[in-house]
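Open the model in your viewer and keep the selection box handy. We will walk through it one stop at a time, and at each stop you will get something to select and something to look for.

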Amino acid sequence: MTGSLAARDLSVRYVTRHGSVEALRHVDLEAHPGEVIGIVGESGCGKSTLARTLIRLFQPTSGQMLFDGQDIADLPERQLVPYRRRMQMIFQDPYASLNGRMTVQSLIAEPLEIAGIGTPASRAQRVGELLARVGLNADHAHRFPHEFSGGQRQRIGIARAIALTPELVICDEPISALDVSIQAQVVNMLEDLQAELGLTYLF
């Protein structure tokens, strides 16, 4: 199995008008293929910053990020492309992470289109398969995010995250914005997807 991730002495510092802020300081972690790793801490301690840094949405100030042994901390964008297909993220707020002007079909197919995978027809078929996998109907593909409940929107976000069959999925508090009655359903679905797809999770 592939999809291992390790951070070595990882730090992130933001520069502001009033100086600099150290958001992460000397973080070390390891996530082996097929594992579920949980990062626990109080609000504002840097969990989301760490998640976004590990997937290279944020640039680390120092340290290493090893994906299957390759340090991706300083890779230029072009060289990151193959790694971005193998690492995906589920965001905390399913409404804010989905473009409200795009249909579900466009939202889920977009990663496939960017990666140059398939034809419009095959991508539409793939979207239908992904929707079914996360417990939604194929006809939902033609609706917009505002037409769904919070739990359904998070399912759409999950379908988008697994569209490229990644090996590692970083989950930034994916159920904290959902009703308690829905949280268990989403957790169970994530467990099923891990077993089915052999995913490594970092929560």
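Helices and strands here are DSSP runs, numbered from the N terminus, with at least four residues for a helix and at least two for a strand. With that naming, I117 can be placed: select it and you land in the loop between α3 and α4. Keep in mind along the way that this is a predicted model.

**Stop 1: a loop residue**

Stay on I117. Is I117 buried, exposed or partly exposed? I117 counts as partly exposed, because its relative accessibility is 29%, and that value falls between the limits of 20% for buried and 50% for exposed. Now show what surrounds this residue. Setting aside neighbours within four places in sequence, I117 is in contact with R85, L112, R123 and L164. For a sense of scale, add H146 to the selection: I117 and H146 are 29 residues apart in sequence, and their C-alpha atoms are 28 Å apart in space.

**Stop 2: into helix α3**

Next, select residues 104–114, which make up helix α3, and pick out L107 within that helix. L107 has a relative accessible area of 2%, so it is buried. Which residues does L107 touch, apart from neighbours within four places in sequence? The contacts are L98, N99, M102, P145 and R160. To stretch your view across the model, add G41: its C-alpha atom and that of L107 are separated by 31 Å, with the two positions 66 residues apart along the chain.

Move along to I108. Leaving out neighbours within four places in sequence, I108 is in contact with V127, L130, L131, I156, A159, R160 and A163. R160 is worth colouring, as it appears among the contacts of L107 and among those of I108.

**Stop 3: the nonpolar cores**

In soluble globular proteins, nonpolar side chains tend to be buried together. To see this here, select I90, I108, L131, I156, I158, L193 and Y201: of the 31 residues in the largest nonpolar core, these touch the most other members. The elements giving two or more residues to this core are α3, α4 (120–133), α5, β7 and α6 (180–197). Which element gives the most? That is α3, with 5 residues. A second, separate core has 26 residues, including A23, L24, V27 and I55.

**Stop 4: strand β6**

Select M87, Q88, M89 and I90 and turn the view so that you can see both faces of β6. M87 and M89 lie on one side, Q88 and I90 on the other, and all are buried, so both faces of the strand are covered. Now bring in β7, which runs parallel to β6 and is joined to it by 4 bridges. One pairing to look for is M87 with its bridge partner in β7, L168.

**Stop 5: the largest pocket**

Rolling a probe the size of a water molecule over the atoms shows where empty space is left. The largest pocket has a volume of about 580 Å³. Of the 20 residues that line this pocket, R84, M87, Q88, P111 and R160 lie nearest its centre, so select those. Two or more lining residues come from each of α2 (77–86), β6 (87–90), α3 and α5 (150–161). The largest share, 4 residues, comes from β6. Try colouring the lining by type: you should find 13 nonpolar, 3 polar and 4 charged residues.

**Stop 6: the second largest pocket**

Now select I39, K47, C171, E173 and F203, which lie nearest the centre of the second largest pocket, out of 14 lining residues. This pocket has a volume of about 160 Å³. Both α1 (47–54) and β7 (168–171) supply at least two residues of the lining, and α1 gives the largest share, 4 residues. By type, the lining divides into 9 nonpolar, 2 polar and 3 charged residues.

**Stop 7: two positive phi angles**

Most residues other than glycine have a negative phi. Keep E173 selected: its phi is near 45 degrees, a positive value. E173 is in the loop between β7 and α6, and it counts as partly exposed because its relative accessible area is 32%.

For the last selection, go to D9 in strand β1, residues 5–16. Phi of D9 is near 55 degrees, again positive in a residue other than glycine. At 39% relative accessibility, D9 counts as partly exposed.

Notes
Residues are numbered from 1 along each chain as its sequence is written. This is a predicted model: local features need pLDDT of at least 70, side-chain atom pairs count only at pLDDT 80 or more; totals for chains, interfaces and linings use all residues. Side-chain values use heavy atoms; hydrogens and water are left out. Buried means under 20% relative accessible area, exposed over 50%, partly exposed in between (1.4 Å probe, protein chains only). Contact means heavy atoms within 4.5 Å. On a 1 Å grid over the protein atoms alone, a cavity is a set of points where a 1.4 Å probe fits but cannot get out, and a pocket is an open set with protein on both sides within 12 Å along at least five of seven lines; lining residues have an atom within 4 Å of a point. Grid points are joined across faces, edges and corners, and a volume is the space filled by probe spheres set on the points. Ala, Val, Leu, Ile, Met, Phe, Trp, Tyr, Cys and Pro count as nonpolar, Asp, Glu, Lys and Arg as charged, and the others, Gly among them, as polar. A nonpolar core is a set of buried Ala, Val, Leu, Ile, Met, Phe, Trp, Tyr and Cys residues joined through side-chain atoms within 4.5 Å. Two strands pair if DSSP finds at least two bridges between them.
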